[in-house]
Amino acid sequence: MKFLVLLGDGMADFAIPELNGRTPLEAAHTPAMDEIARRGICALFKPIPDDLPAGSDIGNLSLFGYNPHETFTGRAPLEAARQGIRLAADEVAFRCNLVTLRDGAMHSFTSGHISTEEAAQIIPSLNEAFADQPITLHTGVSYRHLGIVKANGLSLDDLTAVRCEPPHNITDQAYAPYLPKGKAGDFLNTLMERSQEVIADHPVSRARVERGDLPPTSVWLWGQGMSPKMWTYRDRFGIDGAVVSAVDLVNGIGICAGLEVLNVPGMTGYLDTNYEGKVSAALDALDRVDFAYIHLEAPDETSHEGKLDLKLRAIEDFDKRVVAPCLEYAIKRGDVRVVVAPDHITALSTKTHAGGPVPFAMFGPGVIPDATTSYSEPDGAKTGLVFPRGYELVPAMIESPVVNAAELLENR
Ligand SMILES: [Zn+2]
């Protein structure tokens, strides 16, 4: 049997007035996801445990089958794994966003989706400016970079315990209340202040201003942690697999899980990504391995922007250009179990993530159909089933000979 996870990041949402009380998933035209629900099951599950923050790190760990309580140390160490950075025992990885601060507010946590090429010119200048500090920055993708801090004068406990806010949670809000707090807070705040001088003078920033693009103005450090300890898919399930995502965090989880990371040209993590390339890379991989995880970031990004029309488009593109070809593939092969799910809610109303139950739909051999005929939050809620431990969903898909929604809930 083959297993396919189709992850629409942040596509779940609340009922909103502009859609006459429907959710975006409910309002969007999504025949392929509906078909999966019709052929199989659709119910709610909780990728985010009640006591943990609603981040893509926690949500995607759950979808890969890891109990976030046992596994999660921070987002940045997972991204470091993706970049091939091995953290020493005295090192803590931080996520380092290039952000645009304006009028005291977090104007853009992406610096207007700055390109990797531009960022690759800024990060080395920052490293020069930080030469006397125990931090080394590593260029990632677009606005997403890493800072590896050696516990040198600072304790590991203080570095891991410092309270940092994910910048995507505070779009358009005053950022000052969310600056790092704790014993290592001063250290991080000093770095952020120093970065602002370097970035303001940087040719890349000036060129972006001239072109009318948003310039970066600062780094923003958050998401820190030490190296996580994780089982691999081969250890736990005896299978190999592959992951395709524009997001380093997701690829980092894949690397820790022992999966092959598929590199596809033209992945952007946004509406203009190479959907067809991602799908064909994943489906080709299923000729050699038994598991594939396709992650699409655009529903999340458009939700953070608070743009309903773009979120609907992101969901419909995901359905038509990712879910539909995968559905066709699975039907043709006849030996593929497919699950479609988000990793968390990203609410248009608040432009940020939320915990709580989200819908999944699953079909394939041994998946006993329920009565649902379409895929959305209210459709999942109709069954009355909520899988409380979301991290057991994918292991159940892989391990259970028969998947019956009600029994799955009892036995897991
Ligand atoms: Zn997410």
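The chain I am showing today carries 17 helices and 15 strands, where helices are DSSP runs of H or I with at least four residues and strands are runs of E with at least two, both numbered from the N terminus. Its radius of gyration, taken over C-alpha atoms, is 21 Å, close to the 22 Å of the globule rule for 412 residues, so the chain is as compact as a globular protein of that length; the rule itself is 2.2 Å times the number of residues to the power 0.38.

Please keep in mind that this is a predicted model, in which local features need pLDDT of at least 70 and side-chain atom pairs count only at pLDDT 80 or more, while totals for chains, interfaces and linings use all residues. Residues are numbered from 1 along each chain as its sequence is written.

Turning to the domains, whose bounds come from an automatic or database domain assignment, we have domain 1, made of 2-72 + 229-411, and domain 2, covering 81-225. Their C-alpha centres lie 29 Å apart, and the contact between them takes 13 residues from domain 1 and 12 residues from domain 2, two residues being in contact if their C-beta atoms, placed from the backbone, lie within 7 Å.

Which elements supply at least two residues each of the side of domain 1 that touches domain 2? They are α11 (248-256) and β13 (352-354), and α11 gives the largest share of that side, with five residues.

Finally, among contacts in the chain between residues at least 6 apart in sequence, 71% join residues at least 24 apart.
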